Amino acid sequence: MLDLEDIFGQGGPLERALPDFRARRGQLRMAERVAAALEAHETLVIEAGTGTGKTFAYLVPALLSGARVLISTGTRTLQDQLYSKDLPLVGAALGRPARVALLKGRANYLCRYRLAAAAGAGEQLAMIDGEPQAPRASRAMLTRIARWALATRSGDLAEVGGLSDSHPVWAQVTSTRETCLGQRCPEIARCHVALARRAALDADIVIVNHHLLLADLALKEDGFGDLLGAADAVILDEAHQIPDLATQFFGASVSSRQIESLLRDVQLEQRKPGSALLPRSGAPAALAAELHGIEDDLRHLRAAGPLPSAPGAGASRMAWNARAGGLGDAAHELADSLGRLGESLAALGDDGPVTQLAVRAAELAANLSRIADLDEQEGARALEVGARGITLSLMPFDISARFRALIEARRGAWIFTSATLSLGEEFGHFTGRLGIAACATLSIGSPFDHERQSLLYLPQRMPDPRAPDYVAAVIDTALPLIEAAGGGAFVLFTSHRALAQGAALLRARWNGAAPQRLFVQGEAPRERLLQEFRDDGNGVLLGTASFWEGVDVKGEALRLVVIEKLPFASPDDPLVRARIEHLSATGANAFRDYQLPEAALALKQGAGRLIRSEADYGAVVICDPRVLARSYGRVLLAALPPMTVTQDADEVRRFLRRHAPRRASPAMSAP
């Protein structure tokens, strides 16, 4: 039997199966450490620099261990890659095929019961989520889904052409934890979610995403808990996302859309033949009054909160503290009304949809009360107001004890891995937030020659980032570099406002004669922008937070990354401000312990977009002058790969011209 050194070494099965495979000492070292953690059932945190090959480094020992392994990823894209490509390839190379299951969140699967209810509602679908829709278009999509439902085996709505998860019909034909009838559902024998979970229970390796994993940890979702309990090990890839996601799941939120959805479903249930809510069935007359009361309370809640700054403005988030008395009173009134609705529905004694509606009303009431009654020493509350409604939320300041208890309750191996978990090989910020400071850690550097393959350019004489002309100075800095590189550039911003300003300035500078095709976040779906950027090879992409991480563009298509500003979380965000105030009140140094580490890790992610293979070359530009002018700049620079640093613009342009592809694109107008 081959050992790990044989498997990952020259002439081994991986090299024979993969034309582009290269033996890497760091990959073998990681695989050996993962194998030891699996055998010892320990908690392990591994940072593996870009190019280590961390996916195979945990898949190989997972397959060889014979353990039942749950693999959690940050995105559905990586889920699909593991399931469709990586695991079959590794299993075939090792001669160790495994039973593998892919499990997505329930909102990705068709709910046959809700499809029937939506189809039966007919013209009532003219109003969806409180917004008027085209009834004909909704009916046409429902008809298409109904035809597909007769043939699908998986029930994954991704199979339906032309249907995106933002389509108004999507929510009508899927269930949530709150709306699912569970064992009471008449379609339970054919339920796609239940079938997918049964397949997962029979699998050796199950691939989920962080949202699904954390939903189970935080909410103990029915059915999935059995799967987690049966796992011998949990491997979390892209683990840098876990602290923030866990904070969301251990918090609470209630949106006006959730309440409107509940009211709509109650009204639809009233119209169903034989429903316990039919007037002739003896449903309490108070029910109609409760529905009207909730609508009135919801209007009062909206009135108590501030409105968006301008018509059509994006969502804005405001602090909600003890001084916001009107908002608190309105929230309590709404919670009371929801509680009474739940009691009225529960009193009907129906063991089906009406009982589930009662549970939903009670849970919304409980969450709203939890938010309204929050002790401000325990967490932060916020009100988010957008074009489609409002959301009240709370975020706990410290989840470490709760997360640690959940891990300790499941006595298997827990392996966290990502390219960005440490600061100067210190993991304390990451492990401290999750309460796992006593775990084993390992840092493996990138095998790439960053000093040879890349330059870090820190331009001189940039204005203060607060100056009104700052974004213009960033564009002026970027333009000659884009020209020297012949395109192939990311320009990463820290806010949507700066993004919009930068796009307008860039188009004005080019004056309708763009030498490269321009891709701007928000003007097309993210994945489409990325694919077209890769295909073009010489484009310029402008993006914000979602393009700072999880984006892999290998080769010449990306050779310049311009970072507009250091990615400090905005102190104007009420949740950030509340966390800062909490840390200061408890004697901690909020900047050193929270703001600076978070910014360093985000900067590390952004700069990490550039060098993705041994053949990549390019430059990273940090326009923010604070990286040199402030003492904390040393911490930020130390978090980056060991690139050659320069302040000479001519040197950067020469470097970019030298490595620009010969197939430089002709001028193209921006779409």
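**Sheet, helix and aromatic contacts in the predicted model**

Ala-101 has Val-206 of strand 6 as its bridge partner. The model in which this pairing occurs is predicted. Strand 3 and strand 6 (residues 205-209) run parallel to each other and are joined over three bridges. Both belong to an open sheet of seven strands, arranged in the order 3-6-2-7-12-1-13 with parallel pairing. The edges are occupied by strand 3 (100-102) and strand 13 (440-444); each has a single partner strand, so one side of each lacks a neighbour in the sheet. From one strand to the next, the twist averages 15°.

Eight aromatic pairs were found in a search of the whole structure. One of them, formed by Phe-416 and Phe-430, is edge-to-face, with 6.1 Å centre to centre and 70° between the planes. Because Phe-416 is located in strand 12 (residues 413-418) and Phe-430 in helix 17 (residues 428-434), the pair ties together parts that are 14 residues apart in sequence. Strand 12 is also a member of the seven-stranded sheet, placed between strands 7 and 1 in the order. Both rings belong to buried residues: the relative accessible area is 0% for Phe-416 and 4% for Phe-430. Elsewhere, Phe-490, Phe-519, Phe-533 and Phe-547 are linked into a cluster by ring pairs.

Helix packing was examined for helix 19 (residues 470-485) and helix 26 (residues 649-659), whose axes come within 7 Å and cross at roughly 30°. As angles under 35 degrees count as roughly parallel, helix 19 is roughly parallel to helix 26. On the helix 19 side, the contact is made by Pro-480, Leu-481, Ala-484 and Ala-485. Helix 26 contributes Val-652, Arg-653, Leu-656 and Arg-657. Of the residues in this contact, six are nonpolar and two are charged, with no polar residues.

A further set of contacts involves Ala-590, which is placed in helix 23 (residues 590-607). Ala-590 is buried, with a relative accessible area of 6%. When neighbours within four places in sequence are left aside, Ala-590 is in contact with Ile-580, Leu-583, Ser-584 and Gln-595. For one of these residues, Ile-580, the C-alpha atom is separated from that of Ala-590 by 5.4 Å, the two residues being ten residues apart along the chain.

Technical notes. Residues numbered from 1 in each chain as written. Predicted model: local features only at pLDDT ≥ 70, side-chain atom pairs only at ≥ 80, totals over all residues. Heavy atoms only, no water. Axes fitted to C-alpha atoms, helices over the stretch in contact; angles between N-to-C directions. Helix = DSSP H or I, 4+ residues; strand = E, 2+ residues; numbered from the N terminus. Parallel < 35°, antiparallel > 145°, perpendicular 65-115°, else oblique. Contact = heavy atoms within 4.5 Å. Nonpolar A, V, L, I, M, F, W, Y, C, P; charged D, E, K, R; others polar. Pairing = 2+ DSSP bridges. Phe/Tyr/Trp six-rings, centres within 6.5 Å; stacked < 30°, edge-to-face > 60°. Buried < 20%, exposed > 50% of the residue type's maximum accessible area, 1.4 Å probe, protein only.
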